[in-house]
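Open the model in your viewer and keep the selection panel at hand. The tour goes from the ligand outwards to the whole chain.

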Amino acid sequence: MRERETQLPQVQTALVTGANRGIGWAVGRGLLEAGYRVYFGCRSKEEELLARVRDLPGGERGEIVRLDMNDAASIEAAVESILHRSGRVDILVNNAGIVRDKLLVRMEEGEFREVIDVNLVGPFRMVRAVLRPMMKQRYGRIVSISSVVGTTGNAGQANYAASKGGLEAFSKSVALEVGSRGITVNVVAPGFIETDMTSGLPESVTSGVLERIPVRRFGTGEEIAHAVCFLADPAAGYVTGAVIPVNGGLAMP
Ligand code: NAP
């Protein structure tokens, strides 16, 4: 059956991990504005987040779900809960991520594993949990947030770059496995975006980076959300296994 003949519900259901702040919060807002029912994943303070979500445009379609990438049971439970409450899951956005920057000579194995666990094993668990319902409904959109350094590498970020490069290869592999089931699997690779993750960078690093960015500024969460919304749209069914750079020209494929 061609994908556009697949019966889609009037309101599709999306799940965003790490959606309480930063890029995930912007993606959640963008998907709400685009008309989806959006489950904002967070690992604490659910009630405070629900109040913020309900105040957003389209906030009546906003829901909260507890999700910790380090807790496999929370991932299974979150997807079960969404299926119970909404009957399906159409869109997964793997956004939650961490950095633990350090030069490799000083990096402990635990610091390497910690980043791989959240940034790569987490998305693996998420994708495995949503794949069966998506295959059953013969429709799905999976979008993962990697990073420009997943391709270029970055001194002081061997753990993070490995997790993001792995996420890209993982996504392409899954895209090959499920393309015939109406499920697309894509990646958005941001450059430097204004969030808590980059707010602690010293001025010396920031000014050096800005010189290398052709558009001469950091990006916004909304600019990442725009790319995610494009990939999440039913009309993007012929885009799969893609890595879309949103980096102001910092690195060009
Ligand atoms: P951020 O502001 O630091 O937010 C990170 C989000 O991930 C928070 O919601 C955080 O939840 C969540 N998170 C962390 N560990 C988690 C876990 N174990 N389980 C569930 N959620 C967890 O980061 P950001 O800048 O928005 O980054 C979002 C994504 O974009 C990440 O994957 C990051 O690698 C990627 N990215 C960011 C940039 C950038 O310049 N900002 C560039 C390239 C790629 P808590 O609030 O509970 O900690």
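For sorting residues by type, Ala, Val, Leu, Ile, Met, Phe, Trp, Tyr, Cys and Pro count as nonpolar, Asp, Glu, Lys and Arg as charged, and the others, Gly among them, as polar. Keep in mind that this is a predicted model.

Select the ligand and the residues with a heavy atom within 4 Å of it. This shell has 28 residues, and the closest are Asn20, Arg21, Asn95, Tyr160 and Thr195. Colour the shell by residue type: twelve are nonpolar, eleven are polar and five are charged.

Next, show the side chains of three residues. On arginine 21, a polar side-chain atom sits 2.7 Å from a ligand oxygen atom. Aspartate 68 has a polar side-chain atom 3.1 Å from a nitrogen atom of the ligand. At lysine 164, a side-chain N or O atom is 2.9 Å from an oxygen atom of the ligand. The ligand taken alone exposes 900 Å², and the protein buries 93% of that.

Now turn on a surface. Where does the ligand sit? The space it takes is the largest pocket.

Switch to cartoon and select helix H1 (22–33), helix H6 (158–178) and helix H7 (196–199); each supplies at least two residues of the shell around the ligand. Which of these gives the most to the shell? H7 does, with three residues.

Finally, zoom out to the whole protein, which has nine helices and seven strands. Its C-alpha trace spans about 50 × 40 × 35 Å along the principal axes. The radius of gyration is 18 Å, which agrees with the value near 18 Å for a compact globule of 253 residues.

Methods. Residues numbered from 1 in each chain as written. Predicted model: local features only at pLDDT ≥ 70, side-chain atom pairs only at ≥ 80, totals over all residues. Heavy atoms only, no water. Polar contact = N/O pair within 3.5 Å; in protein donor to acceptor, adjacent residues only side chain to side chain. Areas by Shrake-Rupley, 256 points an atom, 1.4 Å probe, with all protein chains shown as cover. 1 Å grid on protein atoms, 1.4 Å probe; cavity = no way out; pocket = protein on both sides within 12 Å on 5 of 7 lines; lining within 4 Å. Sits in = over half its atoms within 2 Å of the grid points. Helix = DSSP H or I, 4+ residues; strand = E, 2+ residues; numbered from the N terminus. Rg over C-alpha atoms; globule rule 2.2 N^0.38 Å.
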